[in-house]
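Here are a few exercises to work through with the model open beside you. Try each task before you read its solution.

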Amino acid sequence: MSARIEHVVTSGTFSLDGGTWDVDNNVWLIGDDSEVLVIDPAHDAEAVLEAIGGRTVAALVCTHGHDDHINAVAQIADKVGAPILIHSDDRALWTVVYPDREPDLWLVDRAVLEAAGTTFEVLSTPGHTYGSISLYTQDLGAVFTGDTLFAGGPGATGRSYSHFPTIITSIRERLLTLPPDTVVHTGHGPTTTIGAEAPQLDDWIKRGH
Ligand SMILES: [Fe+2]
(Lines give C-alpha, C1' and ligand atoms only; values in the text may rest on other atoms or scores of the structure.)
Protein backbone atom coordinates (compact mmCIF):
# COMPACT_ATOMS: atom_id res chain seq x y z
CA MET A 1 0.00 0.00 0.00
CA SER A 2 1.33 3.38 -0.94
CA ALA A 3 1.72 6.09 1.64
CA ARG A 4 -0.71 8.98 1.80
CA ILE A 5 -0.17 12.62 2.71
CA GLU A 6 -2.26 14.16 5.47
CA HIS A 7 -2.03 17.49 7.18
CA VAL A 8 -3.17 19.40 10.21
CA VAL A 9 -3.23 23.17 10.56
CA THR A 10 -2.21 24.36 14.01
CA SER A 11 -2.24 27.89 15.36
CA GLY A 12 0.12 29.75 17.64
CA THR A 13 2.80 32.41 17.52
CA PHE A 14 6.17 32.99 15.88
CA SER A 15 8.75 35.03 17.78
CA LEU A 16 12.07 36.35 16.52
CA ASP A 17 14.17 39.48 16.91
CA GLY A 18 11.92 40.77 19.70
CA GLY A 19 8.64 40.55 17.74
CA THR A 20 5.78 38.06 18.05
CA TRP A 21 3.20 37.27 15.38
CA ASP A 22 0.12 35.03 15.22
CA VAL A 23 0.58 32.23 12.70
CA ASP A 24 -1.12 29.14 11.29
CA ASN A 25 1.26 26.29 10.47
CA ASN A 26 0.91 23.25 8.23
CA VAL A 27 1.93 20.02 9.96
CA TRP A 28 2.46 17.25 7.41
CA LEU A 29 2.06 13.53 8.06
CA ILE A 30 3.17 11.02 5.43
CA GLY A 31 2.52 7.37 6.00
CA ASP A 32 0.20 4.39 5.90
CA ASP A 33 -1.98 2.78 8.54
CA SER A 34 0.97 1.60 10.61
CA GLU A 35 3.85 4.09 10.20
CA VAL A 36 4.15 7.81 9.66
CA LEU A 37 6.77 10.54 9.24
CA VAL A 38 5.79 13.92 10.67
CA ILE A 39 7.06 17.28 9.41
CA ASP A 40 7.07 20.45 11.53
CA PRO A 41 4.80 19.42 14.42
CA ALA A 42 4.02 22.82 15.92
CA HIS A 43 1.85 24.65 18.44
CA ASP A 44 -0.61 21.91 19.38
CA ALA A 45 0.81 18.55 20.45
CA GLU A 46 -2.64 17.12 21.15
CA ALA A 47 -3.89 17.85 17.62
CA VAL A 48 -0.78 16.28 16.07
CA LEU A 49 -0.97 13.23 18.34
CA GLU A 50 -4.58 12.77 17.33
CA ALA A 51 -3.58 12.86 13.66
CA ILE A 52 -0.79 10.33 14.35
CA GLY A 53 -3.47 8.15 15.86
CA GLY A 54 -1.23 5.64 17.59
CA ARG A 55 0.83 4.85 14.48
CA THR A 56 4.58 4.30 14.78
CA VAL A 57 6.39 7.59 14.14
CA ALA A 58 9.52 6.96 12.06
CA ALA A 59 10.82 10.50 12.49
CA LEU A 60 9.87 14.03 13.48
CA VAL A 61 11.50 16.23 10.85
CA CYS A 62 11.88 19.98 11.38
CA THR A 63 12.32 21.92 8.12
CA HIS A 64 14.03 24.70 10.11
CA GLY A 65 14.51 26.00 13.61
CA HIS A 66 11.94 28.80 13.87
CA ASP A 67 9.89 28.33 17.01
CA ASP A 68 6.61 28.10 15.09
CA HIS A 69 7.89 24.89 13.47
CA ILE A 70 9.52 23.19 16.46
CA ASN A 71 7.68 24.33 19.60
CA ALA A 72 5.70 21.10 20.06
CA VAL A 73 8.22 18.61 18.71
CA ALA A 74 9.86 17.65 22.01
CA GLN A 75 6.55 17.04 23.73
CA ILE A 76 5.46 14.80 20.85
CA ALA A 77 8.81 13.01 20.71
CA ASP A 78 8.53 12.15 24.39
CA LYS A 79 5.00 10.85 23.89
CA VAL A 80 5.66 8.66 20.82
CA GLY A 81 9.34 7.81 21.30
CA ALA A 82 10.43 9.10 17.88
CA PRO A 83 13.68 10.84 16.92
CA ILE A 84 13.83 14.59 16.21
CA LEU A 85 15.77 15.57 13.07
CA ILE A 86 16.90 19.08 12.10
CA HIS A 87 19.82 20.56 10.16
CA SER A 88 22.80 21.53 12.31
CA ASP A 89 23.03 25.01 10.74
CA ASP A 90 19.87 25.87 12.72
CA ARG A 91 21.44 24.86 16.02
CA ALA A 92 21.28 28.46 17.31
CA LEU A 93 17.53 28.66 16.68
CA TRP A 94 16.95 25.21 18.15
CA THR A 95 18.75 26.18 21.33
CA VAL A 96 16.52 29.22 21.85
CA VAL A 97 13.50 26.90 22.22
CA TYR A 98 15.32 23.91 23.74
CA PRO A 99 18.38 25.14 25.67
CA ASP A 100 18.69 21.85 27.57
CA ARG A 101 17.99 19.35 24.81
CA GLU A 102 19.71 18.22 21.63
CA PRO A 103 17.83 16.84 18.64
CA ASP A 104 18.42 13.11 18.06
CA LEU A 105 20.00 13.54 14.65
CA TRP A 106 21.47 16.48 12.75
CA LEU A 107 20.34 16.35 9.14
CA VAL A 108 22.76 16.78 6.26
CA ASP A 109 22.19 17.46 2.58
CA ARG A 110 21.24 14.33 0.59
CA ALA A 111 20.39 12.32 3.70
CA VAL A 112 17.81 9.66 2.90
CA LEU A 113 14.92 8.87 5.23
CA GLU A 114 12.36 6.13 4.96
CA ALA A 115 8.87 5.66 6.36
CA ALA A 116 5.93 3.49 5.33
CA GLY A 117 7.82 2.20 2.28
CA THR A 118 8.41 5.74 1.06
CA THR A 119 11.84 7.26 0.50
CA PHE A 120 12.60 10.90 1.31
CA GLU A 121 15.68 12.90 0.35
CA VAL A 122 16.87 15.87 2.37
CA LEU A 123 17.58 18.90 0.18
CA SER A 124 19.61 21.61 1.88
CA THR A 125 17.75 24.84 0.97
CA PRO A 126 19.24 27.62 3.14
CA GLY A 127 18.15 31.24 2.96
CA HIS A 128 15.02 31.56 5.12
CA THR A 129 17.32 30.26 7.84
CA TYR A 130 20.87 28.94 7.59
CA GLY A 131 19.71 25.37 8.18
CA SER A 132 16.45 25.27 6.22
CA ILE A 133 15.79 21.99 4.42
CA SER A 134 13.20 20.66 2.04
CA LEU A 135 12.15 17.03 2.04
CA TYR A 136 11.59 15.49 -1.39
CA THR A 137 9.86 12.21 -2.08
CA GLN A 138 10.04 11.08 -5.67
CA ASP A 139 7.80 8.13 -4.73
CA LEU A 140 4.89 10.47 -4.06
CA GLY A 141 5.90 13.29 -6.44
CA ALA A 142 5.95 15.78 -3.59
CA VAL A 143 8.32 18.13 -1.83
CA PHE A 144 7.83 19.63 1.63
CA THR A 145 9.43 23.05 1.56
CA GLY A 146 8.83 24.48 5.03
CA ASP A 147 9.27 28.25 4.74
CA THR A 148 11.66 28.10 1.76
CA LEU A 149 9.04 28.17 -1.01
CA PHE A 150 5.37 29.14 -0.75
CA ALA A 151 2.63 29.49 -3.33
CA GLY A 152 3.64 32.85 -4.80
CA GLY A 153 7.20 33.23 -3.64
CA PRO A 154 10.11 32.58 -1.31
CA GLY A 155 9.87 32.59 2.48
CA ALA A 156 10.75 35.71 4.43
CA THR A 157 14.38 36.75 4.55
CA GLY A 158 14.13 40.06 6.39
CA ARG A 159 15.10 38.82 9.86
CA SER A 160 18.13 37.31 11.58
CA TYR A 161 19.75 34.20 10.10
CA SER A 162 18.14 34.93 6.69
CA HIS A 163 19.62 35.87 3.31
CA PHE A 164 17.63 36.65 0.16
CA PRO A 165 20.27 35.77 -2.49
CA THR A 166 20.82 32.45 -0.70
CA ILE A 167 17.13 31.49 -0.71
CA ILE A 168 16.93 32.36 -4.42
CA THR A 169 19.90 30.09 -5.14
CA SER A 170 18.30 27.29 -3.10
CA ILE A 171 15.00 27.63 -4.94
CA ARG A 172 16.60 27.86 -8.36
CA GLU A 173 19.11 25.04 -7.96
CA ARG A 174 17.39 22.58 -5.61
CA LEU A 175 13.62 23.06 -6.02
CA LEU A 176 12.91 24.38 -9.52
CA THR A 177 15.07 21.55 -10.89
CA LEU A 178 12.52 18.99 -9.61
CA PRO A 179 9.93 17.66 -12.10
CA PRO A 180 7.34 20.41 -12.87
CA ASP A 181 4.44 18.27 -11.69
CA THR A 182 6.00 17.87 -8.23
CA VAL A 183 3.48 18.98 -5.61
CA VAL A 184 4.85 21.58 -3.18
CA HIS A 185 3.53 21.28 0.38
CA THR A 186 4.47 24.41 2.30
CA GLY A 187 4.89 25.43 5.93
CA HIS A 188 2.09 27.97 5.76
CA GLY A 189 -0.83 28.39 3.38
CA PRO A 190 -1.80 26.57 0.22
CA THR A 191 -0.12 23.80 -1.72
CA THR A 192 1.29 24.50 -5.19
CA THR A 193 3.49 22.81 -7.79
CA ILE A 194 7.03 23.39 -9.03
CA GLY A 195 5.64 24.09 -12.51
CA ALA A 196 3.28 26.77 -11.21
CA GLU A 197 6.02 28.60 -9.29
CA ALA A 198 8.98 28.33 -11.66
CA PRO A 199 7.91 31.05 -14.14
CA GLN A 200 7.75 33.62 -11.31
CA LEU A 201 11.40 33.39 -10.25
CA ASP A 202 12.53 36.49 -12.16
CA ASP A 203 9.68 38.54 -10.66
CA TRP A 204 10.72 37.52 -7.14
CA ILE A 205 14.32 38.50 -7.81
CA LYS A 206 13.19 41.83 -9.21
CA ARG A 207 10.97 42.66 -6.23
CA GLY A 208 13.62 41.46 -3.77
CA HIS A 209 11.52 39.26 -1.49
FE1 LIG B 1 10.15 30.17 9.39
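A residue counts as buried when its relative accessible area is under 20%, as exposed when that area is over 50%, and as partly exposed in between. Keep in mind that you are looking at a predicted model.

**Exercise 1. Find the protein donors of the iron ion and work out whether His 128 is buried or exposed.**

Start at the metal. The iron ion has His 64 (NE2), His 66 (ND1), His 128 (NE2) and Asp 147 (OD) as its protein donors, and they lie 2.2 to 2.3 Å from it. Along the chain, these donors follow the spacing H-x1-H-x61-H-x18-D. Take one pair that links distant parts of the chain: His 66 sits in the loop between β4 and α2, while His 128 sits in the loop between β8 (118-124) and β9 (133-137), 62 residues apart.

Now for the accessibility. His 128 has a value of 5%, so it goes down as buried. His 66, at 3%, is buried too.

Last step, the geometry. The angles among the four donor atoms run from 86 to 174 degrees, and the site is irregular. A tetrahedral site would need all angles between 85 and 135 degrees.

**Exercise 2. Describe the surroundings of Gly 155.**

First place it: Gly 155 is in the loop between β12 (153-154) and α5 (164-175). Its relative accessibility is 3%, so Gly 155 is buried.

Next, list its contacts. Leaving aside residues up to four places away in sequence, Gly 155 touches His 128, Asp 147, Thr 148, Phe 150 and Ile 167. Two of these names should ring a bell: His 128 and Asp 147 are among the donors of the iron ion.

You can also check a distance here. Gly 187 is 32 residues along the chain from Gly 155, and their C-alpha atoms are 9.4 Å apart.

Stay in that loop for a moment, as Tyr 161 is found there as well. Its phi is near 65 degrees, a positive value in a residue other than glycine. With 32% relative accessibility, Tyr 161 is partly exposed.

**Exercise 3. Which residues of helix α3 are buried, and which are exposed on the face turned away from them?**

Begin with the inside. In α3 (residues 73-80), the buried residues are Val 73, Ala 74, Ile 76 and Ala 77. Look down the helix axis and you'll see them within an arc of 160 degrees, so they line one face of α3. Here's the background: an α-helix has 3.6 residues a turn, so residues three or four places apart point the same way.

Then turn to the other face. Gln 75, Asp 78 and Lys 79 are the exposed residues there.

What do the buried ones pack against? Their partners are α1 (45-52), β4 (56-61), α2 (67-70), β5 (84-87) and α4 (91-97). Just past the end of α3, Gly 81 has a positive phi of about 70 degrees.

**Exercise 4. Trace the open sheet of six strands and say which strands stand at its edges.**

Read off the order: β7-β8-β9-β10-β13-β14, with mixed pairing. The edge strands are β7 (112-115) and β14 (192-193); each has a single partner strand, so one side of each has no neighbour in the sheet.

Now zoom in on one edge. β7 pairs with β8 in the antiparallel sense, over four bridges. Across that pairing, Glu 114 stands opposite Thr 119 in β8.

Conventions:
Residues are numbered from 1 along each chain as its sequence is written. This is a predicted model: local features need pLDDT of at least 70, side-chain atom pairs count only at pLDDT 80 or more; totals for chains, interfaces and linings use all residues. Side-chain values use heavy atoms; hydrogens and water are left out. Buried means under 20% relative accessible area, exposed over 50%, partly exposed in between (1.4 Å probe, protein chains only). Helices (H or I, at least four residues) and strands (E, at least two) are DSSP runs, numbered from the N terminus. The arc is that of the directions from the helix axis to the C-beta atoms. Contact means heavy atoms within 4.5 Å. Donors are N, O and S atoms within 2.8 Å of the metal (3.2 Å for Na, K and Ca); water is not among the atoms, so sites may look incomplete. Four donors count as tetrahedral if all angles lie between 85 and 135 degrees; four count as square planar and six as octahedral if opposite donors are over 155 degrees apart and all others between 65 and 115; anything else is irregular. Two strands pair if DSSP finds at least two bridges between them.
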